[in-house]
Amino acid sequence: MDAMLKVSLRLSLLGFLVIAVVTPSANASRKSVVLGGKSDVANVRTNMEIQELGRYCVEQFNLQEQSEQGNVASIAKTDTATLNPLMFSRVVSAQKQVVAGTKFYLRIEVTQPDGSSRMFDSVVVIQPWLHSKKLLGFTPVASPIY
């Protein structure tokens, strides 16, 4: 009886060992996702929601620029030339991150007033339950990489 108990215990431990070794390798083929980490947005060029979000970022940037130049002009008491805003072309890449809402990191191609293209990195947060969308950053890319 004592020998039978030892064999049964050894087989049970062997079974647990096999399960422990096999389980991680089965999960290794799945893509790991880090909670709170950034993830790529698929089909950016055909994703209308992402393209509209990029358009929103350019519009908000233009509004901020107009507001800042308007404040400078009123302080200096001079007239400002007609502002030439950036024109949205397309979002070329996007990532999203779940925070208190969803934070999007967008690489946006714009057309400048002189007709040349330029890339900008933009960060925007959407909180649907608050009906909130806020541009956090809009900065030119030093060397555009597509």
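## A salt bridge within helix α2

Arg55 and Glu52 sit three residues apart in helix α2, about one turn of the helix. The model is a predicted one. The two side chains form a salt bridge, with 3.8 Å between the closest N and O atoms. That distance falls inside the cut-off, because a salt bridge requires the nitrogen to be within 4 Å of a carboxyl oxygen.

How far are Arg55 and Glu52 exposed? Arg55 has a relative accessible area of 34% and is partly exposed. Glu52 is also partly exposed, at 43% relative accessibility.

## Salt bridges between strands

The search of the whole structure gives three salt bridges. Side chains of opposite charge can pair when their charged atoms come close. One of the three joins Glu109 to Arg90, and here the closest N and O atoms are 2.7 Å apart. Glu109 belongs to strand β3 and Arg90 to strand β2, so this pair links distant parts of the chain, 19 residues apart. Glu109 is buried, with a relative accessible area of 10%, whereas Arg90 is partly exposed at 24%.

Arg107 and Asp121 form a further salt bridge, with the closest N and O atoms 2.6 Å apart. Because Arg107 lies in strand β3 and Asp121 in strand β4, the pair ties together parts that are 14 residues apart in sequence. Arg107 has a relative accessible area of 17% and is buried. It counts as buried because the limit is set at under 20%. Asp121, at 30% relative accessibility, is partly exposed.

## Strand pairing

Strand β1 (residues 38-40) runs antiparallel to β2, and three bridges join the two. Within this pairing, Lys38 stands opposite Gln97 in β2.

Strands β2 and β3 are also antiparallel, and they pair over eleven bridges. The connection from β2 to β3 is a hairpin through one residue. Which residue of β3 is the bridge partner of Ala94? The partner is Leu106.

## Aromatic pairs

How many aromatic pairs does the model contain? The count is three. In one of them, the ring centres of Phe61 and Phe120 are 6.1 Å apart and the planes stand at 45°, so the pair is tilted. Phe61 lies in helix α2 (residues 48-76) and Phe120 in strand β4 (residues 117-127), so the contact between the rings ties together parts 59 residues apart in sequence. Both Phe61 and Phe120 are buried.

Why does the pair of Phe120 and Phe138 count as stacked? The planes are at 20°, with the ring centres 4.7 Å apart, so the pair is stacked; the class applies because planes under 30 degrees apart are taken as stacked. Phe120 is in strand β4 and Phe138 in strand β5 (residues 132-140), so this pair ties together parts that are 18 residues apart in sequence. Phe138 is buried, as is Phe120. Through these ring pairs, Phe61, Phe120 and Phe138 are linked into a cluster.

## Charges over rings

Two lysines are placed over tyrosine rings. Lys38 lies over the face of Tyr105, at 3.9 Å from the ring centre. Lys38 is also the residue that stands opposite Gln97 in the strand pairing. The charged end of Lys133 sits over the ring of Tyr56, 4.6 Å from the centre of that ring.

## The nonpolar core

The largest nonpolar core is made up of 21 residues. Those with the most contacts inside this core are Ile50, Cys57, Val91, Leu106, Ile108 and Phe138. At least two residues of the core come from each of α2, β2 (87-99), β3 (101-111), β4 and β5. Helix α2 gives the largest share, six residues.

Which residues does Val91 contact, leaving aside its neighbours within four places in sequence? They are Val44, Arg45, Ile50, Gln51, Gly54, Leu106, Arg107 and Ile108. Among them, Ile50, Leu106 and Ile108 are, like Val91, listed with the most contacts inside the core. Arg107 is the residue that forms the salt bridge with Asp121, and Leu106 is the bridge partner of Ala94. Phe138, also listed for the core, is a member of the cluster with Phe61 and Phe120.

Notes
Residues are numbered from 1 along each chain as its sequence is written. This is a predicted model: local features need pLDDT of at least 70, side-chain atom pairs count only at pLDDT 80 or more; totals for chains, interfaces and linings use all residues. Side-chain values use heavy atoms; hydrogens and water are left out. Rings of Phe, Tyr and Trp (its six-membered ring) pair if their centres lie within 6.5 Å; planes under 30 degrees apart count as stacked, over 60 as edge-to-face and the rest as tilted. Helices (H or I, at least four residues) and strands (E, at least two) are DSSP runs, numbered from the N terminus. Buried means under 20% relative accessible area, exposed over 50%, partly exposed in between (1.4 Å probe, protein chains only). A charge sits over a ring if NZ of Lys or CZ of Arg is within 6 Å of the ring centre and within 35 degrees of the ring normal. A nonpolar core is a set of buried Ala, Val, Leu, Ile, Met, Phe, Trp, Tyr and Cys residues joined through side-chain atoms within 4.5 Å. Contact means heavy atoms within 4.5 Å. Two strands pair if DSSP finds at least two bridges between them.
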